[in-house]
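Here is a guided walk through one protein model, written for someone meeting structures for the first time. Keep the picture open and look for each part as it comes up.

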Amino acid sequence: DIHASFKPLDETLVAGYVESQPGLVTILGGTSADWNVKEVGDGNLNFVYILTGPKGSFVLKQALPYVRCVGESWPMTLERAYFETTVLREHGRLASHLVPVVYHFDHPMALTVMEYLAPPHIILRKGLIAGTVYPLLAQHMAEFMASTLFHTSLLALSTMKHRKEVAHFCGNIEMCRLTEQVIFTEPYMDAANNRWSSPHLDTDVQALREDSAIKLEIAGLKSKFCERTQALLHGDLHSGSIMVTQNSTKIIDPEFGFYGPMGFDLGAFLGNLILAYISQDGHATSQDDREGYKLWLLKTIGDTWQLFSEKFLVHWDQNWGSGDAYKKEVYNTKDLQLLVQKSFMSELFQDTLGYAAAKMIRRIVGIAHVEDMESISDVEKKVTCERRALTFAKHLLKERSKYSDIRQVCNALQGSR
Ligand code: ADP
Ligand code: MG
Ligand code: MG
């Protein structure tokens, strides 16, 4: 058992661990008496400590063998730390300026030490709730997704290399199971984990569970999630997994990383931006109506897809034939290349809209809600936003084949009630 020597740390034990690692002592400088240790984890799963010393700082993240927000009654594999670190390093190779640097990984201890993203870095979700504009967000996220998704797919890799990677990441089975359960299954049935604004949304939830067209669409998305090993995904790319400043964007927390359909990452990010957009009416005040901010969010949704597809196609054009998917000898004219690219991008667009909708629905009626909605103190306003999100998500899920352009989606969102 690789984790035989696992020991859970806490604020007092962390310094002792670091003392045993000369490389880490060097980063902080001084001795443990000079270090400041603070636990800051606000996620659902793990413990995160910030360590500061006279010379430097870092973040130490440890997985415990259960789900943090539930407790020991919900066991969860320690191996997620291994996959998180492996993906972080791969992302570092493909998009180094958009992820924290990994300094150290201790497999038995399920513990990763990485670059501390110091203030003014904050979690994007919190910035969106506060109404802060991030001018480079769409560009950075498009860059991140285009590079990481393209270069881990068969557009860039041989089938030999790709299959080896797929086999490796099949090991992250428990995290995939968790996603299947909380995103694609439980929101559509009576499950103990589910919660929603009750009694306000009781009939909406009932209607969702009786909606055959929705269940048909979700079945398709779930099967694609489980069966399609298209690229190495981040796997949990919501606005709580992104830290930002005005000129920096860093993607953290890829512990759900695995080979799946590209649209799942794109949809996670866009679905969470749509939730942020819809929640703005709940945060508007007489001093700040949020109307300008809503326009920026709409633009960011549109720009993200637009820039992503442009950048993805640039990677493709520059690396045509380097992967085994479309051999140069077969796809040997520019017209033919354009034809397959168009077909590829339109399927990806459909997947993206479908997964965006699935991500939204589960945040309204499933186990884990979003602070964008939860922080709306007026219950009537909150419920109005939640119902609008649910209605728009259901529409997107069922009618997405009618959309061929992200601007049409933005227009529909703007007009939705
Ligand atoms: P979980 O897997 O439990 O969701 P996260 O990796 O999302 O854990 O981290 C939880 C919180 O810790 C983040 O929301 C962020 O506030 C903080 N955090 C995580 N990594 C860093 C980092 N590299 N620099 C600064 N803060 C971080
Ligand atoms: Mg997290
Ligand atoms: Mg996490």
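On one side of helix α6, the residues Met160, Arg163, Lys164 and Ala167 are exposed. Here exposed means over 50% relative accessible area, buried means under 20%, and partly exposed lies in between, with a 1.4 Å probe and protein chains only. Helices (H or I, at least four residues) and strands (E, at least two) are DSSP runs, numbered from the N terminus. The buried residues of α6, which spans residues 159–169, are His162, Glu165, Val166 and Phe169. They cover an arc of only 100° around the axis, so they sit on the same side of α6. That arc is taken from the directions that lead from the helix axis to the C-beta atoms. A general rule helps here: an α-helix has 3.6 residues a turn, so residues three or four places apart point the same way.

What covers the buried residues of α6? The cover includes α3 (79–94), β9 (231–233) and β12 (258–260). Contact in this report means heavy atoms within 4.5 Å.

A word on the ground rules. This is a predicted model, in which local features need pLDDT of at least 70 and side-chain atom pairs count only at pLDDT 80 or more, while totals for chains, interfaces and linings use all residues. Residues are numbered from 1 along each chain as its sequence is written, chains are lettered from A and ligands numbered from 1 in the order in which they are written, and side-chain values use heavy atoms, with hydrogens and water left out.

Helix α3 leads on to a sheet, since α3 lies across β3 (57–62), β6 and β7 and runs at about 155° to β6. Axes are lines fitted to C-alpha atoms, for helices over the stretch in contact, and angles run from 0 to 180 degrees between N-to-C directions. The sheet is open and has five strands in the order β1-β2-β3-β7-β6, with antiparallel pairing. At its edges are β1 (36–39) and β6, each of which pairs on one side only. From one strand to the next, the twist averages 20°. Two strands pair if DSSP finds at least two bridges between them.

Now follow β7 through the sheet. Four bridges join β6 to β7, and four bridges join β3 to β7. Some partners are listed here.

| Residue | Partner in β7 |
|---|---|
| Lys61 | Thr112 |
| His104 | Val113 |
| Asp106 | Leu111 |

Both faces of β7 are covered: Leu111 and Val113 on one side, and Thr112 and Met114 on the other, are all buried. In a regular strand the side chains alternate between the two faces of the sheet.

Strands β6 and β7 also form a hairpin with four residues between them. Which residue in the turn has a positive phi? Ala110 does, at about 50°, although it is not a glycine. At 0% relative accessibility, Ala110 counts as buried.

Asp253 is another residue other than glycine with a positive phi, near 65°. Its place is in the loop between β11 (249–251) and β12. Asp253 also bridges two magnesium ions, ligand 3 and ligand 2, which lie 3.5 Å apart. For the magnesium ion that is ligand 3, the protein donors are Asp253 (OD), Asp253 (OD) and Glu255 (OE), lying 1.9 to 2.3 Å from the ion. Donors are N, O and S atoms within 2.8 Å of the metal (3.2 Å for Na, K and Ca); water is not among the atoms, so sites may look incomplete. Asp253 counts as buried because its relative accessibility is 16%, and Glu255 counts as buried at 2%.

Two cis peptide bonds are worth finding. One joins Pro119 and Pro120, with omega about 10°, and Pro120 is in the loop between β7 (111–114) and β8 (122–123). Another joins Ser198 and Pro199, with omega about 10°, and Pro199 is in the loop between α7 (173–185) and α8 (202–209).

Finally, step back to the whole chain. The protein chain is divided into domain 1 (13–114) and domain 2 (122–415), with bounds from an automatic or database domain assignment. Their centres, taken over C-alpha atoms, are separated by 27 Å. The contact between them takes 23 residues from domain 1 and 31 residues from domain 2.
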